[in-house]
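Me: Please take a close look at the aromatic rings in this structure and at the parts around them. I would like one connected account rather than a list.

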Amino acid sequence: MAPPSTPRAAPKPGARRPRALAQPSPWPQAPVREQQREAKRNAVLSTAAQMFNERGFHAASLDDIAARLQVSKPTLYYYVKNKDEILLECVKKGLHLILEGIEASRQAGGNAVDQLRACMQVYADIVTQPFGMCIIRIGDEEVPEPSRTELRRMKSEIDQAFRRLVAQGVQEGTLAPCDPKMTAFVIAGALSWIGRWYQSGGEYSAAQVAEQCIGTLMHGVLGPGPGPGRTAGDD
């Protein structure tokens, strides 16, 4: 015969019952959710930038962007308001990359020529990337006001940085005397054009393109001239 079980003591009045262990929530916490949302938003912008560069802003639709991302079109509206906002954010990202690179070049120090070359390298690198290409391939007129004015202000900062470095180089004697404004226009114009014709997978890599273009801008296209008292036909 089994011994009788010992009866459990009744809880005292007012005593706390032991809490059940909390189950982990299947939903991510707020910081994690925000990180996931930002990663997905960046994926939307990156994909859109690629498609704008390939097809043009007007030809690339939200349906096309959603299809490439393999999501529904309504899903995009969780991350962006409309196509105009996508374009604005793509161009702003490209401009911020250039401005941050120019500031890093300034912080690195060196004479004006060293900083100018570093800034040119930054600019050439960015315009061969999707966000940078958006700056070059899509005009300001595609962006509605007041954002258009903001983008032009950021572009002006880049222009002014080149002008300051050219003027400083002339003052140091490391650059030939020139009009800093016109020289800055030539530099930015030449490097910007890379963003229009460069295609990944072509004969030259992005690094090779940048190197050759910067070399031409820094050294010109003329070879060493004939020595004193000689003409080109003397040899």
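Reply: Tyr123 is buried, and Phe162 is buried as well, in what is a predicted model. The rings of these two residues form an edge-to-face aromatic pair, with 6.0 Å from centre to centre and 65° between the planes; the pair counts as edge-to-face because the angle between the planes is over 60 degrees. Tyr123 belongs to helix H5 (residues 112–126) and Phe162 to helix H7 (residues 147–172), so the pair ties together parts that are 39 residues apart in sequence.

Phe162 also takes part in the packing of H7 against another helix, since Asp159, Phe162, Arg163, Val166 and Ala167 in H7 meet Pro180, Lys181, Thr183, Ala184, Phe185 and Ile187 in H8. H7 and helix H8 (residues 180–197) pack at an angle of about 125°, and their axes are 8 Å apart. That angle makes H7 oblique to H8, and the crossing of the two helices, H7 and H8, is right-handed.

The pair of Tyr123 and Phe162 has company elsewhere in the chain, as the structure holds 3 aromatic pairs. One of them joins Tyr78 and Tyr79, again edge-to-face, with 4.9 Å between the centres and 85° between the planes. The two partners of this pair are set differently towards the surface: Tyr78 is exposed, with a relative accessible area of 53%, whereas Tyr79 counts as buried because its relative accessibility is 11%, the cut-off for buried being under 20%.

Tyr78 has a charged neighbour too, for Arg37 lies over the face of its ring at 5.2 Å from the ring centre. A comparable arrangement involves Phe57, where Lys83 lies over the face of the ring, 4.5 Å from the ring centre.

As for the setting of these contacts, the secondary structure of the chain comes to 9 helices and 0 strands, and from the N terminus on the elements run α-α-α-α-α-α-α-α-α. Of the 235 residues in the chain, 32% count as buried, and Tyr123 and Phe162 are both buried residues. Among the contacts in the chain with a separation of 6 or more, 64% are between residues 24 or more positions apart, and the pair of Tyr123 and Phe162, with its 39 residues of separation, is an aromatic link between H5 and H7.

How values were computed
Residues are numbered from 1 along each chain as its sequence is written. This is a predicted model: local features need pLDDT of at least 70, side-chain atom pairs count only at pLDDT 80 or more; totals for chains, interfaces and linings use all residues. Side-chain values use heavy atoms; hydrogens and water are left out. Rings of Phe, Tyr and Trp (its six-membered ring) pair if their centres lie within 6.5 Å; planes under 30 degrees apart count as stacked, over 60 as edge-to-face and the rest as tilted. Buried means under 20% relative accessible area, exposed over 50%, partly exposed in between (1.4 Å probe, protein chains only). Helices (H or I, at least four residues) and strands (E, at least two) are DSSP runs, numbered from the N terminus. A charge sits over a ring if NZ of Lys or CZ of Arg is within 6 Å of the ring centre and within 35 degrees of the ring normal. Axes are lines fitted to C-alpha atoms, for helices over the stretch in contact, and angles run from 0 to 180 degrees between N-to-C directions. Angles under 35 degrees count as roughly parallel, over 145 as roughly antiparallel, 65 to 115 as roughly perpendicular and the rest as oblique. A crossing is left-handed if the near helix is turned anticlockwise from the far one by less than a right angle, and right-handed if clockwise. Contact means heavy atoms within 4.5 Å.
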